[in-house]
Amino acid sequence: MAAGLAIAAHLDHGPPLTPLRARIVSIAQGQVGYTTDPADTYCNKFSAYWYAGVNDCGNGNLDEEWCADFAAWVWKEAGALVAYQLTPGYLNGNSASFYVWGTDHGTWHPVGSGYTPQPGDVAVYGLDTGAVTAVHVAVVTADTGNNAAPDVVNGDGDRTGYSVVEAGSAQAYADVKGKGAPLSGYVSPSSPPGSSSSSG
């Protein structure tokens with residue numbers, strides 16, 4: 001119900017969401033409250049989906065910091081174009097892979113470019129373009145009117161637990177332990193070639 005309310009609220013205050021973007025928001029919000037298992041580890045189902053991380057969890061989960069694995073999973077589940085491999089140019093567990101993906105696909109929008117974030121985008125925090133590293137990524141759920149502080153859903157957040165999926169309001173800085181990294185920009189999703197879904 002909460003996801004439907006958030007989508008309806010956006011439709012009242014902004015342009016209508018494409019079906020793809022609406023699915024991304026709904027899927028991301030539907031995971032809020034998920035916690036790692038065991039709870040004091042990074043063992044999670046999103047990395048396991050991609051067969052990424054260390055197999056030391058004692059269950060079907062895999063162990064690695066997983067904000068990027070979560071964002072890629074949300075896009076994939078929603079039907080966005082996703083190619084996941086542990087090599088440059090593909091989406092993977094490295095937060096900066098979204099920046100590289102966005103530049104390669106023409107969907108990267110740095111903060112300050114005049115771009116208004118849209119629900120379904122992935123926000124990239126603490127980007128270092130020289131080192132091609134980033135601190136965190138999160139799925140945008142709403143534009144707040146401040147292009148550098150959207151509402152988001154964080155995978156591997158730490159405000160409400162050790163490593164959880166949680167919502168962030170007007171999130172200008174990364175929601176990760178000890179790192180106040182500012183928002184750097186956004187990557188917009190695309191539909192696979194030949195798909196009937198509308199891209200963002």
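In this predicted model, Gly-168 touches Pro-150, Asp-151, Val-152, Asn-154 and Arg-159, leaving aside residues up to four places away in sequence. The glycine belongs to strand β7, which spans residues 164-168. With a relative accessible area of 5%, Gly-168 is buried, since it falls under the 20% cut-off for that class. A further spatial relationship involves Ala-138: this residue is 30 positions from Gly-168 along the chain, and the two C-alpha atoms are separated by 9.0 Å.

We can turn next to the cysteines. A search of the whole structure finds 1 disulfide. The bond joins Cys-43 and Cys-57, whose sulfur atoms are 2.1 Å apart, a distance that satisfies the 2.5 Å limit for such a pair. The link of Cys-43 and Cys-57 is left-handed, with -95° about the S-S bond. Cys-43 sits in strand β1 (residues 43-44), whereas Cys-57 is found in the loop between α3 (45-49) and β2 (62-63), so the pair ties together parts that are 14 residues apart in sequence.

Solvent accessibility adds to the picture of this link. Cys-43 is buried, at 2% relative accessibility, and its partner Cys-57 is buried too, at 9%. Another cysteine, Cys-67, also counts as buried, with a relative accessibility of 7%.

Note on methods. Residues numbered from 1 in each chain as written. Predicted model: local features only at pLDDT ≥ 70, side-chain atom pairs only at ≥ 80, totals over all residues. Heavy atoms only, no water. Helix = DSSP H or I, 4+ residues; strand = E, 2+ residues; numbered from the N terminus. Buried < 20%, exposed > 50% of the residue type's maximum accessible area, 1.4 Å probe, protein only. Contact = heavy atoms within 4.5 Å.
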